[in-house]
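Visitor: I would like to understand the labels people put on a structure. Could you take me through a few and show the reasoning behind each?

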Amino acid sequence: MSVNWALPFNTKIVPKSNKVVDINTYKEIHSTSLRDYKGFWASVASELDWFKPWEKVLDDSNPPFYKWFVGGEINASYLAVDRHAKSWRKNKVAIIWEGEPVDENGNPKEVRKLTYYDLYTEVNRVAYILRNKYGLKKGDAVAIYLPMIPELPIFMLALARIGVVFTVVFSGFSADALATRIDDAQAKVLITADGGWRRGKIVPLKDIADKALEKVSTVKDVIVVRRTGQKVNMVEGRDKYLDDVLREVPQGVYVEPERIKSEDPLYILYTSGTTGKPKGIVHDTGGYLTLLHATMKWVFDVRDDDIYWCTADIGWVTGHSYIVFGPLMEGVTEIMYEGALDYPKPDRWVSIIERYGVTIFYTSPTAIRSFMKYGDEWVKAHKTDTIRIIHSVGEPINPEAFEWLWKLIGRGEVPFGSTWWMTETGGIMISHLPGLYLIPLKPGTNGMPLPGIEADVVDDNGNPTKPEERGYLVIKNPWPGMPLTIHRDPERYIKIYWSKFPGMFYAGDYAVKDSDGYFWVLGRADEVIKVAGHRLGTYELESAIIEHPAVAEAAVVGVPDPVKGEVPVAFVILKQGVSPSKNLMDDILKTVRDKVGPIATLSSIYFVSKLPKTRSGKIMRRVVKAVITNQPVGDITTLENEASVEEVKKAYEEFK
Ligand code: 6R9
């Protein structure tokens, strides 16, 4: 294959597809959908199976606490399993799962294939114990801390079935992070596993969970899934293995799915923000499922003969929406894997594509850049011509990474988009739409807002920016899938998202619209960083550093990284009398890993004696970041101590 690299900037690519339209046609379709966006979304929602139809499409009497499809009754578990189990899809494979350990030939030792009927049976069995043995009911909350095994979606669906709100905590978070989330959600039961496999090692989830449970008082019962099989501490009367509990379940149990009100919560997912502890984003049921249904069709164009693969972890929103609820609701066959994409060999990901004949591939720019680093040969050794659609998510995609994957596995012809959305939006908002109308692609862009979604880029005063001018990304209309609130903190919900620009949802991202009207999301405008696509608050990392007894103050900023997009670096002021050392550095790194989790590894620590601050004493991270990335520092009239700028620069350059 001869590859013509480096497409010029802003190249328009017309993929092979019968859905291609020009941008003006799309703009017309889009503005028509907005003329009556409530009616538009109502027509999408009517494609779902409701137990009872809604009385009102949108209750907007108390903004920004919007309620979609009020009066309607629905159940996510019913949509994801019962419907298929009762149809011709009964014996269709829902989930193909492979574990991490491999045999001497490099093939996965464990592969589980669950049909829709298997999934239906398991969800009912688990729902039965949750309701009958543990007494869980509507209004209760449960926390889930599991690795990527089929029991994770099974528990999520079982809880949704009986109307119990759950919060999934990513298995790369620490005991402290788990405890904070359990406590905020007031979870009564914790679902975990003995461990999970990651890069040849066992992540000791039960041990971590035990530490978390020392700090919280709400959890009365713990259910442990046996995965890795090592001995773990089981607390009498509190902890039980799932297989032991399931043994008591009568054969063929059926748990009637609860009739959930559309505006009732489905789950809480914690995410990082500018300041303070992580926020519990609460998603509703009817609106959320409507957006997922639309995006599965428009963005992924799923069909019954597809093998769909979203490489995210279910611990993040991408996994909730596009591994669990979206694909299963649509009845697709999907891949789920444990471990890493490049372990034990750099080509694990392409070997999965080849082994199962993946047709739709949804991944992240960080993953693509890490594959690139290993070289093309690993990819070329595998058959990937089943691929027909690619999308990426989590961070801006650089044109080089786009082009590399598009040419190597997309044969330079398949639709390939970068879907913009966030935990708060519930599902995809800005994207190319291979299943609906496809505008020409451009490497690096996000494309256009979906029909029914009024997104825009505005300046500091909330006015639309001119083409190519940087501004803030906002959403101007309510949309199905929007948050209900921040759990136990509605004031914060208003303040963070709805106060910067009255009447508009502020996403916290910088973006531009180009002269064709395409959206390009550039990155966060706040103190959030995306490390390998994972969302972290610099504030959380700083709070962890400050817990170290030798540290007086700390500022964390994200700096560009060729693979991970961004990595966190810390500038630390030590307490009087403490001198910097390599040991101290390692010790601070360990503190952060213990407090937040292995995903929060600082890439470097620089010791300084002062940090740029405002006269009121606030650390100016913006200035720190500008200095070390060689950008103009901008307005520093509020800076209290100019010498600090030089010091940060010096510390960074000396140790770089
Ligand atoms: C789904 C998810 C949200 C933040 C968001 C933005 C960044 C996500 C992107 C993207 C550019 C894309 N982001 N997708 N930036 N292009 N296609 O990632 O949710 O973890 O809440 O992060 O991720 O900065 O604000 P979440």
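Guide: Gladly; we will go through the ligand site and then some salt bridges, in a model that is predicted.

Visitor: What makes aspartate 509 a polar contact of the ligand?

Guide: A polar side-chain atom of aspartate 509 lies 2.6 Å from an oxygen atom of the ligand. A polar contact needs N or O atoms within 3.5 Å, and at 2.6 Å the aspartate 509 pair qualifies. Arginine 524 passes too, with a polar side-chain atom 2.7 Å from a ligand oxygen. For arginine 535, a side-chain N or O atom is 2.6 Å from an oxygen of the ligand.

Visitor: How much of the ligand does the protein cover?

Guide: The protein covers 98% of the 530 Å² of accessible area that the ligand has on its own. Helix α10 (317-329) and strand β27 (519-524) are the elements that give two or more residues to the shell. In total, 18 residues surround the ligand, with Thr423 and Lys530 among the closest. By type, the shell divides into seven nonpolar, six polar and five charged residues.

Visitor: Why do arginine 524 and aspartate 509 count as a salt bridge?

Guide: The cut-off is a side-chain nitrogen of Lys or Arg within 4 Å of a carboxyl oxygen of Asp or Glu. For arginine 524 and aspartate 509 the closest N and O atoms are 4.0 Å apart, and the pair is counted as a salt bridge. Arginine 524 lies in strand β27 and aspartate 509 in strand β26, so the bridge ties together parts that are 15 residues apart in sequence.

Visitor: Why is aspartate 509 called buried?

Guide: Buried means under 20% relative accessible area. Aspartate 509 has 7%, so the label buried applies.

Visitor: How do you know whether the partners in the bridge between aspartate 456 and lysine 513 are buried or exposed?

Guide: Their side chains meet at 2.7 Å, N to O. This pair joins strand β23 (residues 455-458) to strand β26 (residues 505-513), parts 57 residues apart in sequence. Aspartate 456 has 10% relative accessibility, so it counts as buried. Lysine 513, at 16%, counts as buried as well.

Visitor: And why is lysine 297 called partly exposed?

Guide: Partly exposed runs between the 20% and 50% limits. Lysine 297 has 30% relative accessibility, so it belongs there. Its salt-bridge partner is glutamate 47, with the closest N and O atoms 2.6 Å apart. The two are 250 residues apart, lysine 297 in helix α9 and glutamate 47 in the loop between α2 and β1. Glutamate 47, at 42%, is partly exposed too.

Conventions: Residues numbered from 1 in each chain as written. Predicted model: local features only at pLDDT ≥ 70, side-chain atom pairs only at ≥ 80, totals over all residues. Heavy atoms only, no water. Near = heavy atom within 4 Å. Polar contact = N/O pair within 3.5 Å; in protein donor to acceptor, adjacent residues only side chain to side chain. Areas by Shrake-Rupley, 256 points an atom, 1.4 Å probe, with all protein chains shown as cover. Helix = DSSP H or I, 4+ residues; strand = E, 2+ residues; numbered from the N terminus. Nonpolar A, V, L, I, M, F, W, Y, C, P; charged D, E, K, R; others polar. Buried < 20%, exposed > 50% of the residue type's maximum accessible area, 1.4 Å probe, protein only.
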